[in-house]
Amino acid sequence: MEKLRELAELASISSSFVDKIGQTHFTTDKVREFFLNAMGIKCGNEQEIEASICELKKERVIDHVMSFYDNEKVCFSLRGNGEYILRVIDEKGEIIFLNSFVKNEEIELKGLSVGYYKIEVTDKTNNEVFDGLIIYAPKMCYIPEALKNNEHLYGTSLMLYALHSDKSIGCGDFGDLEEIIRITAKNGGDIIGLSPLGVMSENVLPVITAKNPFAGDVSPYRTLNRLFINYVYINLEKVEDYIKSAEVKEYMSRVDVKSYIVSLNLLDKVMYPAVLNIKRQILTMMYNHFINNGSIERKEAFDNFKKEKGRELDDLATFEMLLEIHPGIDFWRDWNDDTVEIKSEMLSKIKAMNFNRIDFYKYCHWIADVQLKELQQLCLDLGMKIGLYTDMPIGAASNGSEVWCDKEAYVLDAGVGAPADPMRPKGQSWGFNPYHPIKIIEQKYEPFINLVRENMINSGAVRIDHAMGLRRLFWGFYNEERPELQGAYIYYNIKDLTAILCIESNRHNCLVIGEDLGTVPEGFREYMAEHGLLSYKVFFRQKEKDGSFIEPQKYQYMSLAQSSTHDQATSVGFWSNEDIEVFRNCGLYVNDEQYKSNLLGRRKDRENMIKAFECVGILSEDMKKAMVETAEKGDVVPNGIERVVNKFGAKTNSSLYLVRLCDIYAQKILDNAPGTIDEYTNWRNKLEVSIEDIKATAEFGEVFEEIRACRCGGAS
């Protein structure tokens with residue numbers, strides 16, 4: 001239906017897209033109707049469609065948001081038939097411009113500083129007020145001096161939860177990270193890439209059973225909240241309240257507690273509910289000590305933190321309290337009371353009754369924030385040129401507090417994912433709710449601004465997960481008729497979102513890396529480069545059209561290179577088909593032909609790896625012989641294959657190169673099998689070596705020495 005298509009396009013729903021292999025897919029009316037209804041746009045019959053079209057086409061006196069870069073004129077005009085008073089208000093609340101204008105009269109604002117400006121337009125006839133936002137941004141995101149000087153930096157990337165040491169309580173923490181920071185700096189590294197640090201709670205996990213003790217969704221990309229830090233990462237032993245609390249000392253000295261912690265540490269996987277539970281018990285004791293015995297200075301610092309973080313922190317802490325009083329209900333939409341609404345009278349009463357518990361969670365996030373800030377400062381003190389590189393998930397978890405406290409900003413009945421491709425034949429559904437493309441603009445992007453700001457405040461660099469979401473997101477749903485994810489791309493205003501990144505990155509001296517893997521819209525990478533976002537280059541995906549691997553010197557300088565990501569095989573796993581076999585065992589292939597096709601493709605990849613490595617002169621005769629002998633099946637892995645892969649990556653022209661910590665130690669196991677939850681032990685597998693092993697053995701230093709030698713001259 002043509003009118004339905006027109007309405008869908010007005011609502012930012014695309015009519016078609018081209019996939020990775022060049023095939024065009026057209027949006028069906030069924031998909032259009034599904035997403036229009038999810039957005040609250042009526043489309044049940046021709047009359048509703050026509051009325052909705054008129055509503056979306058209706059002009060406003062002033063746009064909700066107008067973005068300008070600092071190399072552009074700030075020019076606009078007002079729509080309507082009256083005479084208007086225009087006020088422009090800066091971030092301090094001061095009126096910097098006040099004047100009268102009539103319809104279509106051009107307005108130019110001069111002398112603006114970078115920032116956000118509130119606009120108020122008053123119709124003199126009826127005193128009706130319209131508001132808007134001007135985003136005035138530097139054209140480029142922040143670029144560190146080292147990159148301006150064309151240096152080739154390097155470091156490591158890791159899954160924080162996977163670290164472990166003698167001091168661990170079941171999973172990696174900021175104490176373990178501190179050790180990695182020190183050893184990385186000692187070996188000349190300038191950057192450490194981290195998995196997302198967002199808040200998690202065992203209350204959103206299913207009940208753990210003896211049959212499957214590692215069931216449930218624990219993705220660090222799908223957390224309760226992306227603005228604050230998971231308290232499970234707190235290095236307890238470094239907190240004054242842990243050291244001085246008599247209650248903590250008594251608890252930690254108990255034989256049963258010591259034994260339990262040892263059992264958690266001996267597991268090769270993270271048992272999240274157990275780890276979160278015991279850490280929360282200890283933190284509760286620490287909070288009690290803080291309230292009763294904390295110094296005036298620390299209490300003032302805590303109060304300042306609460307004031308600074310404001311409503312967002314209060315909403316999250318309230319949500320965490322509510323999870324406790326709804327045990328066993330893992331989704332807030334299933335709470336059978338008025339607490340599903342943040343402004344309900346019932347919730348106000350519950351908050352008053354649970355003030356201390358809410359304050360406890362704020363305390364946890366304060367301690368975590370302080371420690372992360374200290375670790376970034378440690379990086380800089382040790383001479384790192386960037387320091388911590390954190391990861392910002394592109395979507396808000398549907399069962400998290402971001403959606404619960406601001407339902408209007410999100411489309412609750414739509415999911416975000418990726419269309420089917422040769423490696424993921426059923427497509428991917430990631431468990432996110434997307435921003436409402438219309439409502440988020442009406443909200444002046446406040447949720448996105450807060451998200452970006454909080455992720456940059458303690459980081460030297462931020463990775464924007466699935467950066468294409470700045471332009472478009474694939475919304476999808478499954479139905480019984482077809483096994484593949486059904487959906488369409490929904491578009492967002494890339495200029496608005498990028499301008500926000502440019503402002504916040506310069507305010508926080510934070511480099512921005514855009515993860516641009518997957519189906520990338522035409523011109524997107526060029527737009528990223530134009531505004532200073534680094535591209536993300538993964539060796540195993542960097543191929544020419546004939547399947548050969550791109551030569552190191554062809555990698556663009558403004559990019560970050562790695563051998564692979566958390567969603568892909570390690571170097572050893574890639575050679576041995578680990579990811580392909582995991583996908584097959586998890587039922588991710590639609591048929592056996594797809595599985596066999598991927599095996600064939602991987603064999604060709606191995607053959608092309610030999611050619612690529614030989615061309616840059618990093619293959620010894622023994623390694624070449626071992627690779628040639630095992631390339632057909634990959635069932636035997638040449639000893640040291642991960643070293644060769646990383647030498648190649650280090651030779652690329654990319655300004656940043658990260659070696660995966662698991663690759664230093666030739667780990668085979670996959671971190672995550674995209675598209676699965678219980679089928680695979682995602683996001684739980686610990687590093688096969690401990691912090692003590694890393695410090696006592698030579699591998700880390702040897703690999704970094706090889707990388708340093710390759711980085712010194714940039715691309716070969």
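Visitor: Let's start with helix 8 and helix 9: is their crossing left-handed or right-handed?
Guide: Keep in mind that this is a predicted model. Helix 8 covers residues 255-266 and helix 9 covers residues 272-293, and the two pack at an angle of about 145°, with their axes 11 Å apart. As for the hand, the crossing of helix 8 and helix 9 is left-handed.

Visitor: And what classes of residue make up the contact of helix 8 with helix 9?
Guide: Look at who meets whom: helix 8 brings Val-257, Tyr-260, Ile-261 and Leu-264, while helix 9 answers with Ala-274, Val-275 and Ile-278. Sorted by class, there are no polar and no charged residues, and the nonpolar count is 7.

Visitor: Now the N-terminal pair. Is helix 1 parallel, perpendicular or oblique to helix 2?
Guide: Helix 1 (residues 2-10) and helix 2 (residues 29-38) have axes 10 Å apart and pack at about 45°. Angles under 35 degrees would count as roughly parallel, and 65 to 115 as roughly perpendicular. The 45° angle fits neither range, so helix 1 is oblique to helix 2.

Visitor: How many charged residues sit in the contact of helix 1 with helix 2?
Guide: Helix 1 puts in Leu-4, Arg-5, Leu-7 and Ala-8. From helix 2 come Asp-29, Arg-32, Glu-33 and Leu-36. By class that contact holds 4 nonpolar residues, no polar ones, and a charged count of 4.

Visitor: Moving to empty space, which strand gives the most to the lining of the largest cavity?
Guide: The whole structure has 5 cavities of 30 Å³ or more, and the largest holds about 280 Å³. Its 25 lining residues include Ser-157, Leu-158, Met-159, His-566 and Arg-660, the closest to the centre. At least two lining residues each come from strand 10 (153-158), strand 11 (191-194), strand 14 (387-392) and helix 23 (661-664). The top contributor, with 3 residues, is strand 14.

Visitor: How many polar residues does that largest cavity have in its lining?
Guide: The lining splits into three classes, with 11 nonpolar and 5 charged residues. That leaves the polar class, which numbers 9.

Visitor: Last one: which helices give two or more residues to the lining of the second largest pocket?
Guide: This pocket has a volume of about 920 Å³. Of its 27 lining residues, Leu-56, Lys-58, His-64, Ile-438 and Glu-442 are the closest to the centre, and by class the lining has 11 nonpolar, 6 polar and 10 charged residues. The elements that give two or more are helix 3 (46-57) and helix 14 (439-442).

Methods: Residues are numbered from 1 along each chain as its sequence is written. This is a predicted model: local features need pLDDT of at least 70, side-chain atom pairs count only at pLDDT 80 or more; totals for chains, interfaces and linings use all residues. Side-chain values use heavy atoms; hydrogens and water are left out. On a 1 Å grid over the protein atoms alone, a cavity is a set of points where a 1.4 Å probe fits but cannot get out, and a pocket is an open set with protein on both sides within 12 Å along at least five of seven lines; lining residues have an atom within 4 Å of a point. Grid points are joined across faces, edges and corners, and a volume is the space filled by probe spheres set on the points. Helices (H or I, at least four residues) and strands (E, at least two) are DSSP runs, numbered from the N terminus. Ala, Val, Leu, Ile, Met, Phe, Trp, Tyr, Cys and Pro count as nonpolar, Asp, Glu, Lys and Arg as charged, and the others, Gly among them, as polar. Axes are lines fitted to C-alpha atoms, for helices over the stretch in contact, and angles run from 0 to 180 degrees between N-to-C directions. Angles under 35 degrees count as roughly parallel, over 145 as roughly antiparallel, 65 to 115 as roughly perpendicular and the rest as oblique. Contact means heavy atoms within 4.5 Å. A crossing is left-handed if the near helix is turned anticlockwise from the far one by less than a right angle, and right-handed if clockwise.
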